[in-house]
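Visitor: I would like to hear the reasons behind the labels. Please take me through them.
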Amino acid sequence: MQNNLHKRPICDCCQRPVRTCLCSLIRRVANQVNVLILQDPQEATHAKNTAGLLHLSLMNSQVLSCDPDVALAPELLAEALNRAGKQPILLYPPTPEAKSLGLLEPAPLPAPELMQTEQLRLIVLDATWRKSRKLLYLNPLLQRLPRVTLENPPESLYLIRKADSENQLSTLEASCYALRQLEQDRVDYSPLLDAMCEFVARQTAFRPATPPLCKK
């Protein structure tokens, strides 16, 4: 039996170890577009994961745990995607290899003038690039969703985790930029992006100091 005295105390709110608690970084934002985060369970406990801060800050968001190696029950996924009659839109880049992989074609994105932001749900895949592709591959309902891709996003602030591809953004950054596009800049996400900068600074502080170069 594990001795409870050796367990790290956990914050009741953010579920992080108290030493790395996120609560002081939470910036409550009244997002108009609902956000559903489909999260690899391994990401939920990763110290450098940003989806937790995103979810705690967005007043209109949910998280659904999704094992990338197992297809979700179609009825469960359909209920989560379409709850309250909202139009789900997937945040995901184009997939040139879609046909060779046998993926379904995404439905067209509704015209901006026909989209009422309060009726939209942004679907975000919180996983490594490889696992997000597997999640997409195993769930045809996700393949058919209309997609939003980011238009000229700024350089990533996320310098603490190795990127799987060039110009890759964290879940928090990509979601904020996608929400800005869909909501046409009616909501200010800069406080949350500033909080992420502080999050990155804290994580960097936990790194061991770089040893000095040896002198010959």
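Guide: Start with the vocabulary: helices (H or I, at least four residues) and strands (E, at least two) are DSSP runs, numbered from the N terminus. By that rule Gln62 is found in strand β2. This is a predicted model, so local features need pLDDT of at least 70 and side-chain atom pairs count only at pLDDT 80 or more, while totals for chains, interfaces and linings use all residues. Residues are numbered from 1 along each chain as its sequence is written, and side-chain values use heavy atoms, with hydrogens and water left out.

Visitor: Why is Gln62 called partly exposed?
Guide: Buried means under 20% relative accessible area, exposed means over 50%, and partly exposed lies in between (1.4 Å probe, protein chains only). Gln62 has 27%, so it is partly exposed.

Visitor: What makes a residue a contact of Gln62?
Guide: Contact means heavy atoms within 4.5 Å. Leaving aside neighbours within four places in sequence, Gln62 is in contact with Asn34, Val35, Leu36, Ile37, His55 and Arg121. Ile123 is 61 residues apart from Gln62 along the chain, and their C-alpha atoms are separated by 9.9 Å.

Visitor: How do you know that β1 and β2 pair?
Guide: Two strands pair if DSSP finds at least two bridges between them. Five bridges join β1 to β2, so the two strands pair. They run parallel. In β2, Gln62 is the bridge partner of Leu36.

Visitor: What makes β3 and β5 a pair?
Guide: They have two bridges, and at least two are needed, so they pair, in the parallel sense. Leu90 stands opposite Arg147 in β5. β3 also pairs with β4, again parallel, over four bridges. There, Gln87 stands opposite Leu120 in β4.

Visitor: Why are β2 and β5 called edges?
Guide: The open sheet has five strands in the order β2-β1-β4-β3-β5. β2 and β5 (147–148) each have a single partner strand, so one side of each is left without a neighbour in the sheet.

Visitor: What packs on the sheet?
Guide: Helix α3 does, touching β1, β2, β3 and β4. Its direction makes about 130° with that of β4. Axes here are lines fitted to C-alpha atoms, for helices over the stretch in contact, and angles run from 0 to 180 degrees between N-to-C directions.

Visitor: How do you know that the buried residues of α3 line one face?
Guide: In α3 (residues 74–82), Leu77, Ala80 and Leu81 are buried. Seen down the helix axis, the buried residues fall within an arc of 95°, so they line one face. The arc is that of the directions from the helix axis to the C-beta atoms.

Visitor: Why is Cys13 in no disulfide?
Guide: A disulfide is a pair of cysteine sulfur atoms within 2.5 Å. The nearest cysteine sulfur to that of Cys13 belongs to Cys23, 3.7 Å away, so the pair fails the cut-off. A search of the whole structure finds zero disulfides.

Visitor: Why is Cys66 called buried, and Cys13 partly exposed?
Guide: Cys66 has a relative accessible area of 1%, so it is buried. Cys13 has 44%, so it is partly exposed.

Visitor: What makes a nonpolar core?
Guide: It is a set of buried Ala, Val, Leu, Ile, Met, Phe, Trp, Tyr and Cys residues joined through side-chain atoms within 4.5 Å. The largest has 38 residues, and Leu122 is one of those that touch the most other members. α7 (171–183) gives the most to this core, with seven residues.
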